[in-house]
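Hi,

Here is the structure I said I'd pass along. Have a look at it first, and my notes are underneath.

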Amino acid sequence: MAGVLMAGGWGLFAGAALLVGAAVGSLFPVSTRWIALVMAFGSGVLISAVSFELVEEAYEQGGMLPTATGAVAGATVYSLANVLLSRRGARHRKRSGARQPSEQEQPGSGNAIALGALLDGIPESVVIGTSLLGGGSVGVATVAAVFISNVPEGMASAAGMKRAGRSHAYVFTLWSVIAVVSGLAALAGYAFLGGASGTWMAVITAVAAGAILAMVADTMIPEAFEEAHLLAGLTTVLGFLAAFVLSHGA
């Protein structure tokens, strides 16, 4: 029971970073360039976590075939769901500029953005929960990666929602719900996957890794490059190295 609650707590902690970012993005006049730079840093952090925490762990647990199969499956499922949601108004859910449609421009886009945010956050939270299985401690780099990347996600999305005419109540209710769902997803990852074999754990971890990497490429890096331009690459590398240092305990 203690492990289940701990997993849920870490997932909620990482998800709460969305609220921090939303508060900054909706209440303070942060420039889109700065939001993009933080987004680039968060992208680098997540790429590093996927490489050195998730894919490497999946390979050690199950070998190459389950890892590759899971990663492709995760990226495919995420991409298909993202296409469907994008057609309903969620394409620019992480954009801080005037790219998100209002309800008047595209009815139902608010719900699509909410579902898109859930789609982005659940794979990250599940791997936080599974990292505690077997009596292990939560992966510091994984939690740090999710937390750091969630801050600019919340900032950019909240700023974009504000420009699209959505209320503060909508913004903070959305991210509060997603923070709670993040905790529940981490809790579920711990509670329901404890009996999985090494091969299945490899597949599950790789599915999450593939989904996260597809999410970074589809939603975070475009925002970072569009607003930060040539500084996006350097900032992404700095984020990558920061997570690499955390994952190796240096």
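Below is what I found, going from the overall fold to helix packing and then to a few side chains.

First, a caveat: this is a predicted model.

**Overall picture**

The protein chain is all helix as far as regular elements go, with 8 helices and 0 strands. Along the sequence that reads α-α-α-α-α-α-α-α. Of the 250 residues in the protein chain, 50% are buried. If you take the contacts between residues at least 6 apart in sequence, 85% of them join residues at least 24 apart.

**Helix α2 and its two neighbours**

Two packed helices are described by the angle between their axes and the distance between the axes, and I've done that for two pairs.

Let's start with α2 (residues 32–62) and α8 (residues 231–247). Their axes are 7 Å apart and the packing angle is about 40°. That makes α2 oblique to α8, since 40° falls outside the ranges for roughly parallel (under 35 degrees) and roughly perpendicular (65 to 115). The crossing of α2 past α8 is right-handed. On the α2 side, the contact residues include R33, L37, F41, V45, I47, F52 and E53. On the α8 side, they include L231, T235, L238, F240, A243, F244 and S247. By class, this contact has 13 nonpolar, 8 polar and 2 charged residues.

Then there is α2 with α7 (residues 198–228). Here the axes come within 8 Å and cross at roughly 160°. The two helices are therefore roughly antiparallel, the cut-off for that being an angle over 145 degrees. This time α2 passes its partner, α7, in a left-handed crossing. The contact of α2 with α7 divides into 23 nonpolar, 8 polar and 3 charged residues.

**Aromatic pairs**

How many aromatic pairs does the structure hold? There are 4 of them, and two are worth going through.

The rings of W10 and F13 have centres 5.8 Å apart and planes at 90°, so this pair is edge-to-face. W10 and F13 are 3 residues apart in helix α1 (residues 2–27), which means about one helical turn separates them. Is W10 buried or exposed? Neither, quite: W10 has 32% relative accessibility and so counts as partly exposed. F13 is also partly exposed, at 40%. Ring pairs link W10 and F13 with F147 into a cluster.

The other pair brings us back to the α2 and α8 contact. F52 and F244 have ring centres 4.9 Å apart and planes at 65°, so they are edge-to-face as well. Because F52 lies in helix α2 and F244 in helix α8, this pair ties together parts that are 192 residues apart in sequence. F52 is partly exposed, with a relative accessible area of 27%, and F244 is partly exposed at 30%.

**One more spot**

V77 sits in helix α3 (residues 64–90). With a relative accessibility of 58%, V77 counts as exposed, because the cut-off is over 50%. The C-alpha atoms of V77 and A211 are separated by 7.5 Å, although the two residues are 134 apart along the chain.

If you open just one view, try the α2 and α8 packing, where F52 and F244 are among the contact residues.

Cheers

Methods. Residues numbered from 1 in each chain as written. Predicted model: local features only at pLDDT ≥ 70, side-chain atom pairs only at ≥ 80, totals over all residues. Heavy atoms only, no water. Axes fitted to C-alpha atoms, helices over the stretch in contact; angles between N-to-C directions. Helix = DSSP H or I, 4+ residues; strand = E, 2+ residues; numbered from the N terminus. Left-handed = near helix turned anticlockwise from the far one by under 90°. Contact = heavy atoms within 4.5 Å. Nonpolar A, V, L, I, M, F, W, Y, C, P; charged D, E, K, R; others polar. Phe/Tyr/Trp six-rings, centres within 6.5 Å; stacked < 30°, edge-to-face > 60°. Buried < 20%, exposed > 50% of the residue type's maximum accessible area, 1.4 Å probe, protein only.
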